[in-house]
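These are my notebook entries on one structure. I record below what I looked up, topic by topic.

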Amino acid sequence: MTRKRVAILISGRGSNMTALIEAARAADYPAEIALVVSNRPDAPGLARAREAGIATSVVDHTTYGEDREAFDRALDAELAAHRIELVCLAGFMRRLTPSFVTRWSGRMLNIHPALLPEFKGLHTHRRALEAGVKRHGATVHFVVPEIDAGPIVAQDSIAIREDDTEESLAERVLEIEHRIYPDALRALAEGRAGARRTAGGSATGAN
Ligand code: GRF
């Protein structure tokens with residue numbers, strides 16, 4: 001089995017990154033985590049990746065000021081240097097340029113802590129509680145230029161409890177994230193990550 005070479009992009013603690021690294025330890029997992037890149041030099045996830053023996057690199061967005069294209073070119077060069085085939089965004093808090101996203105089209109996943117197409121963007125747990133929805137969850141989707149709108153690869157949900165707080169909900173949704181992200185990456189690496197529908201809500205065939 002040739003394992004796909006994967007880069008994980010992070011900005012913070014990297015718990016989803018860790019879930020992917022752990023899943024990729026299985027002998028039959030079709031992907032290897034070849035690189036972790038952070039746009040923040042102080043991201044706690046970097047140390048966790050190094051402890052796991054994964055190559056890490058920092059592409060510090062502050063170096064590039066407003067020049068998003070230059071940041072994305074530096075990122076792309078890093079991915080090329082490590083012969084990366086697939087990219088997983090895992091708490092990567094930076095908008096990528098449409099040209100970068102288009103170049104990685106069909107090869108780049110993101111995890112979002114909500115049941116897309118509901119609650120795109122930030123503060124999803126607070127917004128779900130305020131909206132009074134009955135269920136909440138997490139989604140893995142292909143990255144497209146529009147934020148949180150790409151075809152869905154995996155999704156799961158839990159019932160919201162009456163006594164749920166933003167924190168308790170975040171904790172339970174995170175458990176879903178750690179389960180569905182490795183499954184979604186496996187599906188993508190095995191070439192069976194056809195999307196059920198776009199996160200924008202309209203029907204699609206396969207990706
Ligand atoms: C996760 O909830 C993820 O869905 C969101 O940001 C959070 C990152 O957490 N995009 P971690 O860095 O993976 O622990």
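Entry 1, the sheet. In what order do the seven strands of the open sheet lie? I looked this up in the model, which is a predicted one. I read the order as 3-2-1-4-5-6-7, and I noted that the pairing is mixed. I then turned to the edges, where strand 3 (56–58) and strand 7 (152–159) stand. Each of these two strands has a single partner strand, so one side of each is left without a neighbour in the sheet. I also looked up the turn between neighbouring strands of this sheet, which is 20° on average, with direction ignored.

Entry 2, one pair of strands. I examined how strand 2 (residues 31–38) is joined to strand 3. I found that the two run parallel and that three bridges join them. For Val37, I noted Ser57 in strand 3 as the bridge partner.

Entry 3, a helix on the sheet. Which strands does helix 1 (residues 15–23) lie across? I listed strand 1 (4–10), strand 2, strand 4 (86–89) and strand 5 (108–112). Helix 1 runs at about 165° to strand 1.

Entry 4, the ligand. I looked up the residues that surround the ligand and wrote down Arg13, Gly14, Ser15, Asn16, Gly91, Ile111, Pro113 and Glu177. I then took three of these residues in turn for their distances to the ligand.

- Ser15 has a polar side-chain atom 2.5 Å from an oxygen atom of the ligand.
- Glu177 has a polar side-chain atom 2.7 Å from an oxygen atom of the ligand.
- Ile111 places a backbone N or O atom 3.3 Å from a nitrogen atom of the ligand.

On its own, the ligand has 370 Å² of accessible area, and I noted that the protein covers 84% of this.

Entry 5, two backbone details. I found that the peptide bond from Leu116 to Pro117 is cis, with omega near 10°. I located Pro117 in the loop between strand 5 and helix 5 (124–131). Arg83, a residue other than glycine, has a positive phi, near 50°. I located Arg83 in the loop between helix 3 (68–81) and strand 4.

Entry 6, confidence. What is the average pLDDT of the protein chain? I recorded 94 as the average, and 94% of the residues score at least 70. Over residues 201–207, pLDDT stays under 50. For these residues, I noted that the model has 14 contacts beyond four places in sequence. I add a caution that where pLDDT is low, the predicted coordinates should not be read in detail.

Conventions
Residues numbered from 1 in each chain as written. Predicted model: local features only at pLDDT ≥ 70, side-chain atom pairs only at ≥ 80, totals over all residues. Heavy atoms only, no water. Pairing = 2+ DSSP bridges. Helix = DSSP H or I, 4+ residues; strand = E, 2+ residues; numbered from the N terminus. Axes fitted to C-alpha atoms, helices over the stretch in contact; angles between N-to-C directions. Contact = heavy atoms within 4.5 Å. Near = heavy atom within 4 Å. Polar contact = N/O pair within 3.5 Å; in protein donor to acceptor, adjacent residues only side chain to side chain. Areas by Shrake-Rupley, 256 points an atom, 1.4 Å probe, with all protein chains shown as cover. pLDDT = per-residue confidence, 0-100.
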